[in-house]
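Me: I should like to learn how to read the features of a structural model. Could we proceed one feature at a time?

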Amino acid sequence: MNRLMDENVFPEEYFRRADESPDGNFYLAPRFVAHIDPETIEALTQFYREFVPLKADVLDLMSSWISHLPEDQTLGRVAGLGMNEEELVGNARLTEYVVHDLNRDHELPYAPSSFDRVLISVSIQYLVKPVEVLSSVRSVMRPEGQIAIAMSHRCFPTKAIAAFHSLSPRERMELVSAFLFEAGFEEIRFVDQSPATGDPLWIVLGTVPLELNL
Ligand SMILES: C[S@@+](CC[C@H](N)C(=O)[O-])C[C@H]1O[C@@H](n2cnc3c(N)ncnc32)[C@H](O)[C@@H]1O
């Protein structure tokens with residue numbers, strides 16, 4: 001059992017949202033749009049080129065029609081999990097997809113030790129139980145696997161948790177680092193990959209311990 005389940009590590013009000021209605025309604029219609037500027041997408045793609053080893057099995061969590069992975073990078077399985085089927089069908093990088101609401105069910109529909117890398121791009125602010133979700137993510141990753149949680153400064157305001165409205169960018173990075181710590185990741189660190197122009201790109205990274213302590 002992790003610490004969050006033992007005690008309330010984070011204030012409950014952090015996780016309130018202006019729109020508490022089921023996420024399925026909000027994501028019913030596809031949005032074939034980019035959520036960050038082209039320069040920022042390019043910076044993220046360049047980051048993934050280094051971060052994701054060749055032939056890695058990858059999970060793109062909170063995925064849409066675009067995963068930002070380099071087109072020429074040979075990968076193994078690329079699984080996408082998100083809320084809108086049309087967007088996921090339209091994502092040419094995915095080898096498989098599933099529609100799954102992480103705010104209703106934080107358990108991931110994958111076998112243990114399935115993935116080498118997990119990506120969460122400009123979406124962590126929509127999770128109301130991030131530690132539970134990230135604990136589940138950790139359990140489907142291989143030992144020494146890594147997660148990259150990329151963030152910027154845009155969001156769907158009514159669906160983002162209150163903490164992302166009230167905290168500064170630095171505090172948000174610290175909060176997401178704390179989510180990873182509580183979920184059992186180690187070697188947690190922050191890298192600023194913001195391009196010279198365009199939306200900022202802040203990435204928090206974590207590693208699955210060699211000895212899985214489930
Ligand atoms: C701002 S978009 C980002 C999409 C994509 N990762 C990107 O980088 O462009 C937010 C994504 O989070 C996903 N999402 C939001 N709430 C979710 C939930 N409750 N469960 C699973 N995915 C969710 C949506 O499907 C949507 O694709």
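The dialogue below treats a sheet, its strand pairings, a pair of helices and the surroundings of a ligand.

Me: Before we begin, what kind of model is this?
Reply: It is a predicted model.

Me: What is the order of the strands in the open sheet, and which are the edge strands?
Reply: A general idea helps first: along a regular strand, side chains alternate between the two faces of the sheet. Here, the open sheet has 7 strands in the order E3-E2-E1-E4-E5-E7-E6, and the pairing is mixed. The edge strands are E3 (96–99) and E6, each of which pairs on one side only. On average, neighbouring strands of this sheet are turned by 15° against each other, direction ignored.

Me: How many bridges join E7 to E5, and how many join E7 to E6?
Reply: Strand E5 (residues 141–151) and strand E7 (residues 202–207) run antiparallel and are joined by 6 bridges. Within this pairing, Met-151 has Trp-202 of E7 as its bridge partner. Strand E6 (residues 186–192) also runs antiparallel to E7, with 5 bridges between them. In that pairing, Phe-190 is partnered by Val-204 of E7, and Glu-186 stands opposite Thr-207 of E7.

Me: Which strands does H7 lie across?
Reply: Helix H7 lies across E5, E6 and E7, and runs at about 15° to E7.

Me: How should the packing of H5 and H7 be described?
Reply: In general, two packed helices are described by the angle between their axes and the distance between those axes. In this model, the axes of H5 (residues 130–139) and H7 (residues 169–182) come within 8 Å and cross at roughly 50°. H5 is therefore oblique to H7. The crossing of H5 and H7 is right-handed.

Me: Which residues make that contact, and of which classes are they?
Reply: H5 contributes Pro-130, Val-131 and Leu-134, while H7 contributes Phe-179, Leu-180 and Glu-182. By class, the contact of H5 with H7 has 5 nonpolar residues, no polar residues and 1 charged residue.

Me: Finally, how many residues surround the ligand, and which are the closest?
Reply: The ligand is surrounded by 17 residues, the closest being Met-62, Ser-64, Gly-82, Met-83 and Ser-121. By class, this shell has 7 nonpolar, 8 polar and 2 charged residues.

Methods:
Residues are numbered from 1 along each chain as its sequence is written. This is a predicted model: local features need pLDDT of at least 70, side-chain atom pairs count only at pLDDT 80 or more; totals for chains, interfaces and linings use all residues. Axes are lines fitted to C-alpha atoms, for helices over the stretch in contact, and angles run from 0 to 180 degrees between N-to-C directions. Helices (H or I, at least four residues) and strands (E, at least two) are DSSP runs, numbered from the N terminus. Angles under 35 degrees count as roughly parallel, over 145 as roughly antiparallel, 65 to 115 as roughly perpendicular and the rest as oblique. A crossing is left-handed if the near helix is turned anticlockwise from the far one by less than a right angle, and right-handed if clockwise. Two residues are in contact if their C-beta atoms, placed from the backbone, lie within 7 Å. Ala, Val, Leu, Ile, Met, Phe, Trp, Tyr, Cys and Pro count as nonpolar, Asp, Glu, Lys and Arg as charged, and the others, Gly among them, as polar. A residue is near a molecule or strand if its C-beta atom, placed from the backbone, lies within 6 Å of it. Two strands pair if DSSP finds at least two bridges between them.
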